[in-house]
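The following exercises are to be worked through with the sequence and the structure at hand. Each task is followed by a solution in steps.

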Amino acid sequence: MTKFKKGDEVQVTSGKDKGKKGKIEKVFRLENKVVVTGINMYKRHRKVSRSQAAGIYEITRPVDIAKIQLVCPKCNKLTKVGIKLEGKTKQRICKKCKGVI
Ligand SMILES: [Zn+2]
């Protein structure tokens, strides 16, 4: 079970986007990285090709999960995710308010 999943709101805790918040768009489980909307954006210059016009466009690069923290939807605080075993199903819980996320 991964600690982060698509749709989670997270805040960046280090790097150039420190303090910014966004929603997880995609999780790369093996690489321990996630793509977060509006975070880790880079500008690329594009040359003219047959199918595209020239210009500057932005790409979003994956962020290491070590650099983000979850914003708990229950208590709205930055928190670490805990895993609780409830019978046979695993649940994610907020370590601050103990709420199920
Ligand atoms: Zn909480």
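A residue is buried if 20 or more other C-beta atoms lie within 10 Å of its own, exposed if 12 or fewer, and partly exposed in between, with C-beta atoms placed from the backbone. The model is predicted: local features need pLDDT of at least 70, side-chain atom pairs count only at pLDDT 80 or more, and totals for chains, interfaces and linings use all residues. Residues are numbered from 1 along each chain as its sequence is written.

**Exercise 1. Two asparagines**

Determine whether Asn-76 is buried or exposed, and do likewise for Asn-40.

Solution.
- Step 1: Asn-76 lies in the loop between S7 and strand S8 (78-79); strands are DSSP runs of E of at least two residues, and helices are runs of H or I of at least four, numbered from the N terminus.
- Step 2: Asn-76 has 11 other C-beta atoms within 10 Å and is therefore exposed.
- Step 3: Asn-40, in the loop between S3 and strand S4 (41-46), has 21 such atoms within 10 Å and is therefore buried.
- Step 4: Neither residue is a glycine, yet phi is positive, about 60° in Asn-40 and near 65° in Asn-76.

**Exercise 2. The sheet**

State the strand order of the open sheet of six strands.

Solution.
- Step 1: Two strands pair if DSSP finds at least two bridges between them.
- Step 2: The order is S6-S3-S2-S1-S7-S8, with antiparallel pairing.
- Step 3: Strand S6 (63-64) and S8 are the edge strands, each pairing on one side only.
- Step 4: Strand S1 (residues 9-12) and strand S2 (residues 21-28) are joined by three bridges in the antiparallel sense, and Gln-11 stands opposite Lys-21 in S2.

**Exercise 3. The largest nonpolar core**

Identify the elements that give two or more residues to the largest nonpolar core.

Solution.
- Step 1: A nonpolar core is a set of buried Ala, Val, Leu, Ile, Met, Phe, Trp, Tyr and Cys residues joined through C-beta atoms within 7 Å.
- Step 2: The largest one has 13 residues; those with the most contacts inside it include Phe-4, Ile-24 and Ile-68.
- Step 3: The contributing elements are strand S3 (33-36), strand S7 (68-71) and strand S10 (89-94).
- Step 4: Contact requires C-beta atoms, placed from the backbone, within 7 Å. Neighbours within four places in sequence aside, the contacts of Ile-68 include Val-10, Val-34, Val-36 and Val-63.

Conventions: Two residues are in contact if their C-beta atoms, placed from the backbone, lie within 7 Å.
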